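Please open the structure in your viewer and keep the selection panel at hand. The tour proceeds from one selection to the next and states what is found at each stop.

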Amino acid sequence: VPLQTGLILSSSTQVPQLEQLGLRRQIKGYLKYIDSVSSPCIQTLYSDGAITKIDEDGIDLDTFKYYNPDTLLLRGYVAGDDAFYINEANEVKI
């Protein structure tokens with residue numbers, strides 16, 4: 001099922017699984033250090049403007065979410081917490 005809304009990633013470890021599922025074009029934003037992503041395809045999408053580097057391209061997460069309200073934010077393990085955040089409003093315990 002294709003994602004209609006797109007994804008915001010927070011970690012380079014999330015990239016390979018999405019690429020294997022054929023979802024790399026669903027990545028619309030990346031939090032902070034996209035230079036740490038070793039995928040040439042992701043780097044090309046970023047260079048072409050298909051992926052926004054949030055918090056470093058002059059746009060913060062709140063502004064990005066305002067203009068892209070239906071994107072899902074994938075946020076991994078948070079120190080001291082066992083929640084996998086799907087977006088700012090929802091979380092799923094693992």
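Begin by selecting Tyr-66 and Tyr-67, both of which are exposed, that is, over 50% relative accessible area, where under 20% is buried and anything in between partly exposed (1.4 Å probe, protein chains only). The model is a predicted one, in which local features need pLDDT of at least 70 and side-chain atom pairs count only at pLDDT 80 or more, while totals for chains, interfaces and linings use all residues. Residues are numbered from 1 along each chain as its sequence is written, and side-chain values use heavy atoms, with hydrogens and water left out.

**The tyrosine rings**

Display the side chains of both tyrosines. Rings of Phe, Tyr and Trp (its six-membered ring) are taken as a pair if their centres lie within 6.5 Å; planes under 30 degrees apart are stacked, over 60 edge-to-face, and the rest tilted. One aromatic pair is counted by this rule. The ring centres of Tyr-66 and Tyr-67 lie 5.0 Å apart and the planes stand at 90 degrees, so the pair is edge-to-face.

**The whole chain**

Now switch to a cartoon view. The protein has three helices and six strands, these being DSSP runs numbered from the N terminus (helices H or I, at least four residues; strands E, at least two). Read from the N terminus, the order of elements is β-α-β-α-β-α-β-β-β. Of the 94 residues, 32% count as buried. If a surface is shown, the exposed area is about 5,900 Å², with carbon and sulfur atoms supplying 52% of it; accessible areas come from the Shrake-Rupley method with a 1.4 Å probe, and for residues only the protein chains shown count as cover.

**The sheet**

Next, select the four strands that form an open sheet with parallel pairing, in the order E3-E2-E1-E4. Two strands pair if DSSP finds at least two bridges between them. At the edges are strand E3 (52-54) and strand E4 (72-74), each pairing on one side only.

Narrow the selection to strand E1 (residues 7-9) and strand E2 (residues 27-31), which are joined in the parallel sense by three bridges. Leu-7 has Ile-27 as its bridge partner in E2, and Ile-8 has Gly-29. Four of the five residues of E2 are buried, which leaves this strand mostly covered.

**Lys-53**

Move to strand E3 and select Lys-53. Is this residue buried or exposed? Lys-53 is buried because its relative accessible area is 9%. Beyond its neighbours within four places in sequence, Lys-53 is in contact with Tyr-30, Lys-32, Ile-34, Asp-35, Tyr-46 and Ile-59, contact meaning heavy atoms within 4.5 Å.

**Ser-10**

Then select Ser-10, in the loop between E1 and helix H1 (15-20). Ser-10 is partly exposed, at 24% relative accessibility. Add Ile-54 to the selection: the two residues are 44 apart in sequence, and their C-alpha atoms are 9.7 Å apart in space.

**The salt bridge**

Finish with Arg-24 and Glu-19. Side chains of opposite charge can pair when their charged atoms come close. A salt bridge here is a side-chain nitrogen of Lys or Arg within 4 Å of a carboxyl oxygen of Asp or Glu. How many does a search of the whole structure find? The search finds one. Arg-24 forms a salt bridge with Glu-19, with 3.3 Å between the closest N and O atoms. Arg-24 is partly exposed at a relative accessible area of 29%, and Glu-19 is partly exposed at 21%.
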